[in-house]
Structures are given as C-alpha cells and as structure tokens.
Amino acid sequence: MQELTRTLSLSDCLNHTFSCSCGHTHRAELEAVYIGKGTLKELPKWLEKKGYIKAYIICDPITKEIAGDQTKKELEEKGIDVQMHVITHQAYDEATMGEIVIHKDHTRNVVIGVGTGSINDMCRYFSYQLNLPYCIVATAAPMDGFASGISALTVDNLKTTFNAQPPQLIIGDTEILKGAPYSMISAGLGDLIGKFTCLCDWKLSKLIQDEYYCEVIVDMVGDCAKGVLKNADSVKTRDPKVLGNIMEGLVFTGVAMSMVGNSRPASGCEHHISHYWETIFEQQGRRPAPHGHQVGVGTILILKLTESLRNLSTIDFDSARKAAEAYEFDAWCQEIRDAYGPAAEGVIEMERKAKKNETSGRLQRIGAMEKHWKEICDLLEELPSSQTVIDLMKELQAPYHPSQIGVDKELLKNTLMYCKEIRARYTILQMLWDLNLLEQLTDQLIQDF
Ligand SMILES: [Zn+2]
Ligand SMILES: [Zn+2]
C-alpha cells in the first residue's frame with residue numbers, strides 16, 4: 001500500500017488506497033477525471049478501454065444543446081453505439097426517473113449524464129439501481145457534489161437523499177465549461193471559497209476537542225482553494241484554465257470527503273448557514289439562491305465574525321464559564337422552536353444525542369481555548385479577509401450581502417445564533433457560542449453590515 005505523506009494532485013489520488021500519517025487508510029473511489037481543454041475526446045477512449053460500448057446518454061433540452069449532441073457525435077465517430085434520451089419532465093422526481101427507465105433499451109451497458117447538479121443526482125441514483133457504470137460530462141461546475149455517493153431527489157414532493165454511486169469518470173472539458181451561465185461559475189467559486197472556513201473549523205476542533213484530523217487532506221483541499229483565490233480575477237474573462245481549476249477544486253473536495261469518510265473537508269459553519277436558509281425558505285415556500293451563492297455569503301459572514309473576535313482586546317473566559325453554568329436545556333429548546341418552526345423537533349432530538357451544548361463539555365472546551373488561545377488566533381489569522389472575498393464577489397456580480405439573497409436582519413440574527421444546531425459538528429460558531437460572544441458579535445455585525 002502506498003503511503004500518503006505529502007499533498008498529491010487530484011489524478012494521483014484516484015483509484016488508490018493510501019496508508020496515511022493521520023493513522024487512517026484512505027481510498028479514493030473515483031477512477032478517472034479529465035479536466036482541461038478538449039477532454040471530451042478522452043471519453044470514447046476510456047469507454048473503449050473499459051469495454052463499455054453501448055452507451056445511454058441522458059441530458060435535458062438545454063444540456064443537449066451545450067454538450068449532449070457533441071458527446072453523442074464524439075462517441076459515434078469512435079464506433080460506440082449510442083442511445084440518447086432527452087428528459088421531457090421538468091422536475092427531478094419519480095416521473096423523470098420513470099421516464100429514463102422506460103426509454104432505456106435493455107442492451108445499454110454504461111450510463112452517461114450530460115449536465116450538472118440535478119442530472120448528475122438523477123443519473124447517479126438511476127445507474128446505481130440498475131447496477132451500471134456511470135460517467136458525467138459536466139456542463140458547469142456550480143458546486144462540489146460531482147463525486148458524491150448520495151443523490152438528492154424529489155420524492156413525494158419532498159427533497160430526499162438516497163444512497164447512490166459516484167461516477168467512475170468525470171469529464172470537465174473547459175471548452176464546454178466556459179459556456180456555462182455566469183451565475184453558475186460564480187456559484188462554483190462561492191462553494192470553493194467556503195473551504196477556507198470549513199477547514200478552519202476542522203483545525204479548531206482538533207485543537208480544542210481533539211477530533212480526528214488529517215493534515216494531508218486539509219492541505220490538499222486548502223491548496224486548491226488558495227490557488228483558485230489567487231487567480232480568481234481571471235474568472236471574469238472565463239479563462240479556461242481558471243474554470244478548470246475551480247472544477248478541479250470542487251471535484252477534489254468530493255474526493256477528499258470519500259477519502260475521509262465524512263464531509264469535514266467540504267462543509268463547515270458556512271454550509272450550516274446555507275442549510276438553515278434552505279430549511280426556512282422551504283417552510284416559507286420561497287426559492288433559495290443557488291447553493292454556491294449562499295455558501296459564498298455565509299463565508300463572508302463568518303469571516304466578519306472572526307475579524308470582530310480578533311479585534312476584541314481581551315477574552316473573558318470566566319464570563320464564558322458562568323454562561324456555561326447557567327445553560328438550561330428547556331430554555332434552549334424554546335429558542336430552537338422559535339428559530340426552526342416545524343423543523344425544531346428534529347434539531348432538538350439531535351442535541352439530545354449529541355449533547356454539544358451541555359455544561360461539562362463546554363467547560364472543558366473553554367479550558368482548552370484558554371490554554372491554546374494564541375494558536376487559535378494564529379489559525380484565524382490564516383483566513384482570507386472578508387473584504388477580499390467581498391471585492392471578488394462584487395467583481396463577479398455575485399451576491400456578497402445577505403439582503404441580496406432574500407435574507408433580512410431578523411432572519412440573519414436567527415441564522416448566526418442557531419444554524420450551528422443543524423449538525424452536531426464543532427465550528428467557529430460553536431466556539432463563539434462557547435465563549436458567550438455569539439450574540440454580541442452577531443448584533444455588532446448586523447448593525448455594521
Ligand atoms: Zn457546498
Ligand atoms: Zn490522512
């Protein structure tokens with residue numbers, strides 16, 4: 001078995017099992033990724049090598065125009081037998097799933113999705129149920145779910161997650177990606193920018209409560225995000241190289257999740273913000289902004305909070321201890337019912353098991369923070385400044401302020417105070433709550449921003 005001791009490129013990670021200095025064995029399930037100019041040409045070669053010569057291409061009317069017809073042509077020219085189905089139903093629900101089952105002729109031995117988010121979710125699940133290998137030709141890279149093994153589908157009118165399979169092959173041809181709508185490009189960038197805060201959450205958790213942590217994987221994902229941020233200006237001009245880097249970073253975080261076995265490398269407090277908005281918007285029957293835009297705004301909010309924390313002259317650990325002693329579960333439940341409405345009981349149930357807010361654990365963490373405060377400040381200092389990210393989002397005409405994505409001051413307050421309860425995961429927001437500073441810094445942020 002190979003040892004994982006330094007950061008590797010995406011392609012070096014694939015299809016390998018590594019023993020790692022973190023003590024775990026990591027396995028990247030994805031077989032191949034081709035990102036770059038003209039990489040669609042790699043698809044027929046790869047299919048041929050694998051013996052997948054009866055392809056079933058699934059696209060919708062839009063992705064057919066962007067890349068579906070071209071994919072079909074490339075494959076047919078290389079002698080691969082193609083059946084293409086263009087989805088007619090609008091929603092990604094049972095009817096659409098039925099449609100792609102009914103139209104498939106039974107001789108097909110590989111599924112090829114052409115599209116992004118929803119088509120990929122649909123095809124990952126469909127190919128998993130039929131036990132067929134699956135490849136995706138990306139038409140845009142608006143989020144990091146490409147290599148995921150889980151599919152979100154609408155069933156009984158409710159968005160539900162199902163076990164599925166990751167693709168064996170991902171094609172990110174930058175000649176195709178550069179034609180993606182601008183908002184999808186900036187959304188992908190927003191999701192990637194969120195890796196700064198999510199990796200910081202993981203580092204803090206390691207330091208404060210000794211959570212399992214893999215430095216090599218943190219460095220790999222962090223390097224991707226830093227590389228993209230450095231060249232982000234060129235996103236404006238749709239520079240294919242930068243678009244390829246964004247796609248690679250997004251695929252990489254998916255691979256990193258599968259190597260670690262949980263979503264720590266991809267999702268932290270900035271994602272909890274987005275999950276909370278989605279929950280509340282769904283209750284109100286409103287359509288939330290694209291995932292990557294929500295994550296981008298969430299990241300800016302977290303960066304602003306950490307900047308205010310660093311600006312405080314002293315941290316009153318004794319007052320934090322008093323707050324921990326005064327915590328009452330029943331009073332907390334009432335706050336959750338006010339903030340989460342019909343979704344509250346699930347959140348309360350999770351806290352009953354996780355007990356992340358209980359006094360004894362909190363006191364221990366406060367002690368650890370007091371001991372490691374200098375190191376914590378150093379970690380926070382590594383984050384990009386909120387102004388850097390705001391300037392970038394402005395330049396890309398992407399949202400940077402909650403009000404631009406339908407979040408008013410009241411919702412913003414509940415978001416920052418309670419979104420951490422949506423998952424049992426230690427984050428910057430839990431740290432601020434532990435320190436009894438979350439409300440003070442939230443109020444200050446709402447006043448100034
Ligand atoms: Zn995301
Ligand atoms: Zn490791």
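Here are three short exercises on this predicted model, each with a worked solution.

**Exercise 1.** In what order do the six strands of the open sheet sit, and which strands are at its edges?

*Solution.* Start by walking across the sheet: you pass β4, β11, β8, β7, β5 and β6, in that order, and the pairing is parallel. Next, look for strands that pair on one side only: these are β4 (32-36) and β6 (81-86), the edge strands. Finally, check how the sheet turns as you go: from one strand to the next, the twist averages 15 degrees.

**Exercise 2.** How many bridges join β5 to β6, and which strands does helix α5 touch?

*Solution.* Find β5 at residues 54-59; six bridges join this strand to β6, and the two run parallel. To get your bearings, pick out Ala55, which stands opposite Val82 in β6. Now bring in helix α5 (residues 117-129): this helix packs on the sheet and touches β5, β7 (110-115) and β8 (134-138). Compare directions too, and you'll get about 170 degrees between α5 and β7.

**Exercise 3.** Which residues have the most contacts inside the largest nonpolar core, and which helix gives the most to this core?

*Solution.* The core has 124 residues, and Ala138, Ile170, Ala256 and Leu432 have the most contacts inside it. Helix α7 (residues 182-209) gives the most, with 13 residues. Then check the domains: at least three core residues come from each of domain 1 (32-180) and domain 2 (183-448). For a close-up, take Ile170 and skip its neighbours within four places in sequence: its contacts are Leu30, Val33, Ile136, Ala138, Phe146, Ala147 and Val251.

How values were computed. Residues are numbered from 1 along each chain as its sequence is written. Chains are lettered from A and ligands numbered from 1 in the order in which they are written. This is a predicted model: local features need pLDDT of at least 70, side-chain atom pairs count only at pLDDT 80 or more; totals for chains, interfaces and linings use all residues. Two strands pair if DSSP finds at least two bridges between them. Helices (H or I, at least four residues) and strands (E, at least two) are DSSP runs, numbered from the N terminus. Axes are lines fitted to C-alpha atoms, for helices over the stretch in contact, and angles run from 0 to 180 degrees between N-to-C directions. Two residues are in contact if their C-beta atoms, placed from the backbone, lie within 7 Å. A nonpolar core is a set of buried Ala, Val, Leu, Ile, Met, Phe, Trp, Tyr and Cys residues joined through C-beta atoms within 7 Å. A residue is buried if 20 or more other C-beta atoms lie within 10 Å of its own, exposed if 12 or fewer, and partly exposed in between; C-beta atoms are placed from the backbone. Domain bounds come from an automatic or database domain assignment.
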